[in-house]
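This report describes one structural model for a reader who has not met it before. Please look over the sequence and the structure shown below before reading on.

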Amino acid sequence: MKKNSALWRRALFAGRGLWIAAREEASFRTELLAVVGGVILLYWTGASLLWWGVGILLMGAVLAAELLNSAVESLADLVSPEYHPLVARAKDCGAAAVLVLSFTAVLIAALLLWRYLHLGE
Ligand SMILES: Nc1ncnc2c1ncn2[C@@H]1O[C@H](COP(=O)(O)OP(=O)(O)OP(=O)(O)O)[C@@H](O)[C@H]1O
């Protein structure tokens with residue numbers, strides 16, 4: 001496989017990864033929906049530029065973590081389709097990474113909502 005291909009080619013590969021995740025991973029689709037919800041929340045609460053920055057950063061991080069988790073799962077399935085405790089560990093840790101970031105994003109969203117409802121800003 002040729003290394004260091006042109007930027008447009010690498011972008012094409014990345015786009016293919018996004019398309020595969022959106023088509024085959026239910027969790028990724030759910031997170032895309034959550035991103036739409038997050039953008040609506042930020043818009044509805046009239047969030048400041050800083051809140052938008054934090055929100056966009058977190059939403060991007062959740063999606064990126066899910067994509068990396070999918071990559072780990074695919075490699076694990078290739079290497080060991082049969083049950084193996086190390087595969088269980090790799091997959092569980094990948095899933096945990098997504099969970100931690102998702103939980104953080106939900107907490108930040110709750111904070112934004114609380115601030116809007118109680119402080120009106
Ligand atoms: N080959 C394996 N060896 C050991 N444990 C496995 C193996 N495959 C799956 N598991 C266990 O089952 C859990 C679910 O794995 P699975 O591959 O179905 O991912 P998932 O969480 O359903 O994600 P997705 O639906 O996105 O593929 C893993 O977190 C792991 O604990």
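E66 is buried, because 24 other C-beta atoms lie within 10 Å of its own. In this predicted model, a residue is buried if 20 or more other C-beta atoms lie within 10 Å of its own, exposed if 12 or fewer, and partly exposed in between, with C-beta atoms placed from the backbone. E66 is located in helix α3; helices are DSSP runs of H or I with at least four residues, numbered from the N terminus. Leaving aside neighbours within four places in sequence, E66 is in contact with S27, F28, E31 and V98, where contact requires C-beta atoms, placed from the backbone, within 7 Å. An unreviewed UniProt entry annotates E66 as "binding site". UniProt positions follow the numbering used here, feature names are shortened, and annotations may be inferred rather than shown by experiment.

Residues are numbered from 1 along each chain as its sequence is written. The model is predicted, and local features need pLDDT of at least 70, side-chain atom pairs count only at pLDDT 80 or more, and totals for chains, interfaces and linings use all residues. The predictor's confidence in each residue, pLDDT, runs from 0 to 100; the chain averages 95, and 98% of the residues score at least 70. The scores for the model are ipTM 0.89 and pTM 0.90.

The unreviewed UniProt entry also lists E25, E73, E82, Y83, H84, K91 and D92 under "binding site". Of these, E73 is placed in helix α3, which spans residues 49–79. Beyond its neighbours within four places in sequence, E73 is in contact with K91 and G94. Y83 belongs to the loop between α3 and α4, the latter covering 85–119.

The table sets out the exposure of four residues.

| Residue | C-beta neighbours within 10 Å | Class |
|---|---|---|
| E73 | 16 C-beta atoms | partly exposed |
| Y83 | 7 C-beta atoms | exposed |
| L75 | 12 C-beta atoms | exposed |
| T104 | 13 C-beta atoms | partly exposed |

Which residues surround the ligand? They are E25, S27, E73, S80, Y83, H84, V87, A88, K91, D92 and A95, each having its C-beta atom, placed from the backbone, within 6 Å of the molecule. Helix α4 gives the most to this shell, with 5 residues. By type, the shell divides into 4 nonpolar, 3 polar and 4 charged residues. Here Ala, Val, Leu, Ile, Met, Phe, Trp, Tyr, Cys and Pro count as nonpolar, Asp, Glu, Lys and Arg as charged, and the others, Gly among them, as polar.

The largest nonpolar core has 6 residues, namely L58, M59, V62, A65, V98 and A105. Both α3 and α4 give two or more residues to this core, and α3 gives the most, with 4 residues. Such a core is a set of buried Ala, Val, Leu, Ile, Met, Phe, Trp, Tyr and Cys residues joined through C-beta atoms within 7 Å. In soluble globular proteins, nonpolar side chains tend to be buried together. Apart from residues up to four places away in sequence, L58 touches T104, A105 and I108.

Two spacings complete the description. L75 is part of helix α3, and its C-alpha atom is separated by 9.6 Å from that of V87, 12 residues apart along the chain. T104 is part of helix α4; its C-alpha atom and that of V72, 32 residues apart along the chain, are separated by 22 Å.

Technical notes:
Contact = placed C-beta atoms within 7 Å.
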